[in-house]
Amino acid sequence: MTAQTFQPLKIFNTLTRKKDVFVPIAPPYVGMYVCGPTVYNNVHLGNIRTFLSFDILFRYLTHIGYKVRYVRNITDVGHLVGDGDAGEDKIGKMAKLQKLEPMEIVQRYTNDFHEVTAIFNLLSPSIEPTATGHLIEQIEAVQTLIDKGVAYESNGSVYFDINKYQAGGNEYGKLSGRIIEDLLNETRELDGQAEKRNPLDFALWKKANPEHIMQWESPWGKGFPGWHLECTCMSAKYLGKQFDIHGGGMDLKFPHHECEIAQGKSLTDEEPVRYWMHTNMLTVNGQKMSKSLGNSFLPSELFSGNHELLDQAYSPMTVRFFMLQSQYRSTLDFSNDALKAAQKGYKKLANGLRIAKMLTYTHEDGVNPDEAKKADIEKSIEGFYNAMNDDLNTAVAFANLFNMLKYINMLNMGQLKSAALGEAVFTSLKEQFVIFFEDVLGLKEELAEGHAILDGMLKLYREFKLSQNYEKVDEIRSYFKNQGLVIRDTKTRIDWAYEE
């Protein structure tokens with residue numbers, strides 16, 4: 001059974017504002033670019049939700065047969081405080097505060113980013129380029145835009161000319177839905193605006209003040225690249241002048257992605273991206289997650305429970321499961337109640353995973369086929385694919401996975417004979433459940449101890465119980481409990497499971 005037998009994959013395209021059938025430029029190859037972190041501080045949960053969403057897309061596209069080149073950049077220069085064209089570089093500012101070299105800051109927080117993404121079981125991208133590693137490409141792009149008449153030098157800085165871009169029949173604001181006149185009315189007077197022909201013009205290259213730590217030689221003097229330029233140059237270098245998917249958080253739609261479109265189209269005379277995808281924000285108890293409100297927390301605080309808003313610690317896979325319970329375009333609200341419910345749900349599925357891997361088919365004469373259950377299992381498998389094909393609706397995909405779990409538990413408890421399903425449906429249930437859990441949704445078991453050790457402890461439990469050494473029996477029960485596990489001791493069997 002393959003995903004291709006079901007409805008086609010549809011992606012909500014921010015550019016068209018509707019779900020579009022996904023048709024890659026050169027199937028089976030897919031080019032995907034996702035805006036990575038600016039590495040000046042610890043990665044936060046809003047970042048993780050974005051990268052998790054595109055990890056799911058990467059996994060699912062690969063699962064259904066595409067060969068994906070996934071590019072996710074590291075911004076290590078040019079991203080100014082306030083996301084505009086004025087002020088300090090975020091990395092340079094942190095370097096001054098910590099009295100370190102900027103590249104020490106970059107390395108420290110790049111390492112943190114990699115460590116956290118690994119903990120959440122995010123796959124590494126195919127290519128992870130850095131802005132400082134592509135300064136030549138950025139300087140060349142700036143010169144090309146000047147030569148084409150859509151950029152101009154002013155006092156050692158170079159700006160993209162919005163009016164010239166518009167005059168060429170282009171529409172600045174089409175991705176975000178912004179209207180030029182409204183943007184002009186909203187524009188505040190900022191440092192450096194006097195250098196611009198139009199307040200909306202954005203920096204391609206910025207002249208560096210003497211105190212600016214990170215600066216390089218260019219045809220326009222010493223300076224540094226604008227934040228938006230790196231993504232245009234690196235995506236084009238590794239994915240071509242037009243590629244399939246560009247992703248990021250919804251906060252990047254304007255101005256970052258809007259500027260990318262303007263730069264890319266001006267450089268190549270083609271729309272740079274076919275499908276634009278954006279993830280929604282995180283809230284905490286209904287409020288926007290924000291450091292200033294005191295309601296934001298780092299992944300490490302979630303894992304330790306060391307935060308005044310948290311009742312307890314939550315494991316990485318609990319948080320991953322929690323995030324995937326909402327479709328990526330919906331707002332996700334963090335609360336202790338929601339996280340505790342996610343913890344129970346994750347453990348139920350983890351128990352099912354362990355059981356599914358152990359189940360074996362047994363042919364038994366005289367067992368009648370249960371056509372209703374066979375049909376329901378096949379419907380759940382189809383439903384999982386249809387949910388994923390509906391703009392990665394992981395919430396509905398989980399509903400189908402839990403329905404499959406019901407049959408796995410029935411087989412385990414002897415309430416359903418494998419022969420009643422037939423070998424084909426039984427095998428499909430077992431294998432697809434594991435594939436959906438591990439490969440597509442990227443979940444995994446979290447065990448402080450390996451299965452072999454736990455099985456050995458369970459063997460001791462049985463021996464102590466038979467010898468009526470109940471003190472040792474209680475010790476082993478406590479051991480399992482400390483691992484977040486429980487011993488299931490019934491008349492017919494003794495087994496262990498995740499404590500729900």
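In what sense, and over how many bridges, do strand β5 and β6 pair? In this predicted model, strand β5 (residues 151–154) and β6 are paired in the antiparallel sense, the pairing extending over four bridges, and within this arrangement Y152 is placed opposite Y159 of β6. The two strands form a hairpin with two residues between them, and in that hairpin N155 adopts a positive phi near 55°. Strand β6 (residues 157–160) directs S157 and Y159 one way and V158 and F160 the other way, with all of these residues buried. Strand β6 is also joined by three bridges to strand β7 (residues 202–207), again in an antiparallel run, and here V158 stands opposite W205 of β7.

These strands belong to a protein chain with 16 helices and 15 strands, the C-alpha trace of which spans about 90 × 50 × 35 Å along its principal axes. Of the 500 residues of the chain, 51% count as buried, while the area exposed by the chain comes to about 22,200 Å², with carbon and sulfur atoms supplying 50% of it. Among contacts between residues at least 6 apart in sequence, 72% join residues that are at least 24 apart.

A parallel arrangement is found in an open sheet of four strands, ordered β4-β3-β9-β10. Because β4 (67–72) and β10 (273–279) stand at the edges, each with a single partner strand, one side of each is left without a neighbour in the sheet. From one strand to the next the twist averages 20°. The pairing of strand β9 (residues 243–249) with β10, in the parallel sense, comprises six bridges, and H246 is set opposite W276 of β10.

Among the helices, α1 (residues 45–63) and α14 (residues 418–440) pack with their axes 10 Å apart and at an angle of about 135°, which means that α1 is oblique to α14. The residues making this contact are I56, R59, Y60 and H63 on the side of α1, and I435, E438, D439 and V440 on the side of α14. Classified by type, the contact of α1 with α14 contains four nonpolar residues, one polar residue and three charged residues.

Several backbone features concern residues in loops or helices. Most residues other than glycine have a negative phi, and most peptide bonds are trans. A positive value is nevertheless found for N121, with phi near 65°; N121 lies in the loop between α3 (102–119) and α4 (135–147), and counts as buried because its relative accessible area is 19%, where the cut-off is under 20%. Phi is likewise positive for N285, near 50°, in the loop between β11 (282–284) and β12 (287–288), but N285 has 52% relative accessibility and therefore counts as exposed, a class that begins over 50%. A cis peptide bond runs from P27 to P28, with omega near 10°, and P28 is located in the loop between β2 (18–21) and β3 (29–34). Another cis bond joins F254 and P255, with omega of about 5°, P255 being part of helix α8 (residues 253–268).

A further loop residue, H307, is found between α9 (299–304) and α10 (316–324), and its relative accessibility of 14% is why H307 counts as buried. When its neighbours within four places in sequence are left aside, H307 is in contact with G294, S296, F297 and E301.

Methods. Residues are numbered from 1 along each chain as its sequence is written. This is a predicted model: local features need pLDDT of at least 70, side-chain atom pairs count only at pLDDT 80 or more; totals for chains, interfaces and linings use all residues. Side-chain values use heavy atoms; hydrogens and water are left out. Axes are lines fitted to C-alpha atoms, for helices over the stretch in contact, and angles run from 0 to 180 degrees between N-to-C directions. Angles under 35 degrees count as roughly parallel, over 145 as roughly antiparallel, 65 to 115 as roughly perpendicular and the rest as oblique. Contact means heavy atoms within 4.5 Å. Ala, Val, Leu, Ile, Met, Phe, Trp, Tyr, Cys and Pro count as nonpolar, Asp, Glu, Lys and Arg as charged, and the others, Gly among them, as polar. Buried means under 20% relative accessible area, exposed over 50%, partly exposed in between (1.4 Å probe, protein chains only). Two strands pair if DSSP finds at least two bridges between them. Accessible areas come from the Shrake-Rupley method with a 1.4 Å probe; for residues, only the protein chains shown count as cover.
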